[in-house]
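Me: I work at the bench and would like to learn how to read a protein model. Could you walk me through it, feature by feature?

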Amino acid sequence: RDRQAVSTLLPPSICAIYYTLSSAHRECHLRLPETAIVFFMKNQEFDEPVSKSDFKLNTVVTVTIYDLEGKKAEAIIDKALKLCDKYEKIFSRTLPESEIYELNHGTLPQEDGYYLLSEECAALIEKGLYYSELSGGAFDITIEPVSSLWDFTSGEKIVPDAETIAEKQACVGYEDVELKGNKLRFKKEGMGIELGVFEACNGKQ
C-alpha cells in the first residue's frame with residue numbers, strides 16, 4: 001500500500017508495479033481484498049516468445065512464455081498443458097471418466113447416501129456454491145440439467161424445445177446441494193453440477 005516503501009525493497013530488474021484498488025470490488029459488492037500485481041521483467045532480451053496450442057477443456061488453449069528460451073520454456077508449457085488434462089479429468093461434465101461426469105450420472109462412490117469427492121473437486125464445488133448464493137441464483141452451478149440439453153460436443157446440433165427446458169429447470173437450484181467436507185448429496189432427483197467457468201479459471205490460475 002505504501003508505494004515508496006515497497007519500491008525501496010524491490011530489485012532494479014522490476015519494470016513496473018501496478019496496483020488494483022478495491023474500489024471496483026466494492027462497486028460490484030464483492031468482498032475481495034486489495035491486491036497488488038507486480039510485473040517482473042528481466043534485463044535480458046529474447047527474440048521471440050515460445051508458444052504452443054492444443055485442444056483442452058473443450059476449447060483451444062494457448063500457452064505463451066515471453067522470458068525464457070528453447071527447452072526451458074517448452075518444458076514449462078508442457079507442464080501447463082498437462083495440468084489442463086488433470087483438471088479436465090476432475091471437472092469436465094462431458095468426459096466420461098471425469099469425477100464430475102460420474103457425479104452427475106450417479107456412478108461416483110457413495111457413503112451413507114453421500115457421493116465421495118476428491119479434495120480438489122469438493123473445494124471447487126464449495127466455491128461455486130458460494131458464488132451461486134452470492135448472486136442469488138443468477139449464477140448457478142446446478143444449471144447442468146439445462147445446459148447439457150444442447151450437447152455441443154456431440155455434433156448433432158440439437159436445439160431443445162421449451163417444454164423440455166422448463167422440465168429440466170425444475171432440477172436447478174444450488175440450495176438443493178448439500179456439501180459436507182468432501183461429501184455431497186442432491187436433495188432432488190435429476191440434479192447435476194456444471195463447473196465449466198470455474199474449470200477454465202482454475203486452469204488459468
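**Reading the model step by step**

Reply: Asn58 is partly exposed, because its relative accessible area is 41%. Please keep in mind that this is a predicted model.

Me: What is the phi of Asn58, and where is the residue found?

Reply: Start with the general idea: most residues other than glycine have a negative phi. Asn58 is not a glycine, yet its phi is positive, about 60°. You will find Asn58 in the loop between β3 and β4.

Me: Is Leu57 buried or exposed?

Reply: The cut-off for buried is under 20% relative accessible area. Leu57 has 17% relative accessibility, so it counts as buried. Leu57 also lies in the loop between β3 (50–56) and β4 (59–65), and its phi is positive too, near 55°, in a residue other than glycine.

Me: Let's go on to strands. How many bridges join β7 to β8, and which way do the strands run?

Reply: Strands pair if there are at least two bridges between them. Here β7 (residues 177–180) and β8 (residues 183–186) run antiparallel and are joined by four bridges. One pair to look up is Leu179 with its bridge partner in β8, Leu184. The hairpin of β7 and β8 has two residues between the strands, and Gly181 takes a positive phi near 65° there.

Me: Which strand pairs with β8 over two bridges?

Reply: That is β6 (residues 114–116), again in the antiparallel sense. Tyr115 stands opposite Leu184 in β8, and Leu184 is also the bridge partner of Leu179.

Me: Which residues make up the covered face of β8, and which the uncovered one?

Reply: Leu184 and Phe186 form the covered face of β8, while Lys183 and Arg185 form the uncovered face.

Me: Now a helix. How does the span of α3 compare with what its 22 residues should give?

Reply: The idea is to take 1.5 Å a residue and compare that with the distance between the end C-alpha atoms. For α3 the expected span is 32 Å and the ends are 32 Å apart, so the two agree. The helix covers residues 70–91. Its buried residues are Ala73, Ile77, Leu81, Cys84, Tyr87, Glu88, Ile90 and Phe91.

Me: How many aromatic pairs does the structure hold?

Reply: There are three aromatic pairs. One of them is Tyr87 with Phe91, a stacked pair with 5.8 Å centre to centre and 25° between the planes. Planes under 30 degrees apart count as stacked. Both residues lie in α3, four residues apart, about one turn of the helix. Tyr87 and Phe91 are both buried.

Me: And the cysteines: how many disulfides are there?

Reply: The test is a pair of cysteine sulfur atoms within 2.5 Å, and the count comes to zero. Burial is read separately. Cys84 counts as buried because its relative accessibility is 8%, and Cys171, with a relative accessible area of 13%, is buried as well.

Me: Finally, pockets. How much space lies in the second largest pocket, and which residues line it?

Reply: A pocket is read from its volume and its lining. The second largest pocket holds about 200 Å³ of space. The elements that give two or more residues to its lining are α4 (99–104) and α6 (144–147). Among the lining residues are Arg93, Tyr101, His105, Glu144, Asp151, Lys168 and Met191.

Note on methods
Residues are numbered from 1 along each chain as its sequence is written. This is a predicted model: local features need pLDDT of at least 70, side-chain atom pairs count only at pLDDT 80 or more; totals for chains, interfaces and linings use all residues. Side-chain values use heavy atoms; hydrogens and water are left out. Buried means under 20% relative accessible area, exposed over 50%, partly exposed in between (1.4 Å probe, protein chains only). Rings of Phe, Tyr and Trp (its six-membered ring) pair if their centres lie within 6.5 Å; planes under 30 degrees apart count as stacked, over 60 as edge-to-face and the rest as tilted. The expected span of a helix is 1.5 Å times one less than its number of residues. On a 1 Å grid over the protein atoms alone, a cavity is a set of points where a 1.4 Å probe fits but cannot get out, and a pocket is an open set with protein on both sides within 12 Å along at least five of seven lines; lining residues have an atom within 4 Å of a point. Grid points are joined across faces, edges and corners, and a volume is the space filled by probe spheres set on the points.
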